[in-house]
Amino acid sequence: MNDGARRNSHRIRRAPSVAASENRREQLIQKDGWAVSSGIDSLDLEEIQQSDSGPATREGPDATVVPHKSPRGTRALNSGLRATAFLCLAVSVVHVMFVFLHVAPANTVSKRYGPLINGWVYPFFEQNWRLFAPDPESVNRKILARTADIGSDGSVRVGPWFDLTAVDVAAVEHQPFPSHTAQNLLRRAWTGYVDTHGGDDKARTERARMMRRYLTNVAADRVAAHRSGTFDFIQLRVVTLPIAPGPVAGERPPTPTETRLLPWWKVTRHGK
């Protein structure tokens, strides 16, 4: 049997069922009226839809999806956080670049932008080493300070010497994680002062004056934290001691001890 004959036979088999369905509808209309027949018609229609194309789906009214909008304050906060993160990242990159140029050997960039690099690094980010050439300490230095206070009658009262280095050493000894300020703050302040003043204690450049104020403030803050009373002037004395030689270098003569007395410096009134 060919395809055309199969289609014709299929139509012939479906024709009686269609005719029977129409006769049934007419009988129901005559017997029970239009309301009953319409209900049966809708029922038959649903059955035909389910049998032919699967379960019928009912579409609801169109619902417009409104995108969620964050409050204005949240958007401003997010923008501020992004701007802050970008600013911190930019400052970190610039800081790393300046420190690298500071510790790297002299080159064209560091020579051209030397004042800008030094202005950024000194005094808070100064490095005590050079790239590929560290410079360890070769002597021990003890820094002492004494203060002076001018009374209401014009008399000057001078206090005893106070060992600032001993306070730092006590804060470092037996500490598994010693503070960086206790190890290097006072020592590096003195090294910066010596590098800019030489041996005559005269400040000839702006950076030298800055390092003198820095050393003065560090010493005054240390004294005020461990002593009671007020003072208006401070004086430093630096004693250089040789590092104890080991057994290999026992025959080498020791370095002579040096004591350097600095002039009195005026400070803002410290203490209570």
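The following exchange concerns Gln-235 and its surroundings in a predicted model.

Colleague: On what basis are residues numbered and features accepted?

Modeller: Residues are numbered from 1 along each chain as its sequence is written, and side-chain values use heavy atoms, without hydrogens and water. Because the model is predicted, local features need pLDDT of at least 70 and side-chain atom pairs pLDDT 80 or more, while totals for chains, interfaces and linings use all residues.

Colleague: Why is Gln-235 called buried?

Modeller: The relative accessible area of Gln-235 is 5%. Buried means under 20% (1.4 Å probe, protein chains only), so Gln-235 is buried.

Colleague: What makes the pairing of Gln-235 and Arg-146 a polar contact?

Modeller: Their side chains are joined at 2.8 Å. A polar contact is a pair of N or O atoms within 3.5 Å, one able to donate a hydrogen and the other to accept it; residues adjacent in sequence count only if both atoms are side-chain atoms. The side chains of Gln-235 and Trp-264 also form a polar contact, at 3.5 Å.

Colleague: Which residues does Gln-235 touch beyond four places in sequence?

Modeller: Among them are Leu-144, Trp-161 and Leu-262; contact means heavy atoms within 4.5 Å. Leu-236 is likewise in contact with Leu-144, Trp-161 and Leu-262, among others.

Colleague: What makes the set containing Leu-236 a nonpolar core?

Modeller: Such a core is a set of buried Ala, Val, Leu, Ile, Met, Phe, Trp, Tyr and Cys residues joined through side-chain atoms within 4.5 Å. The largest has 22 residues, and Leu-236 is one of the five that touch the most other members. Helix 8 supplies the largest share, seven residues.

Terms used
Buried means under 20% relative accessible area, exposed over 50%, partly exposed in between (1.4 Å probe, protein chains only). Helices (H or I, at least four residues) and strands (E, at least two) are DSSP runs, numbered from the N terminus.
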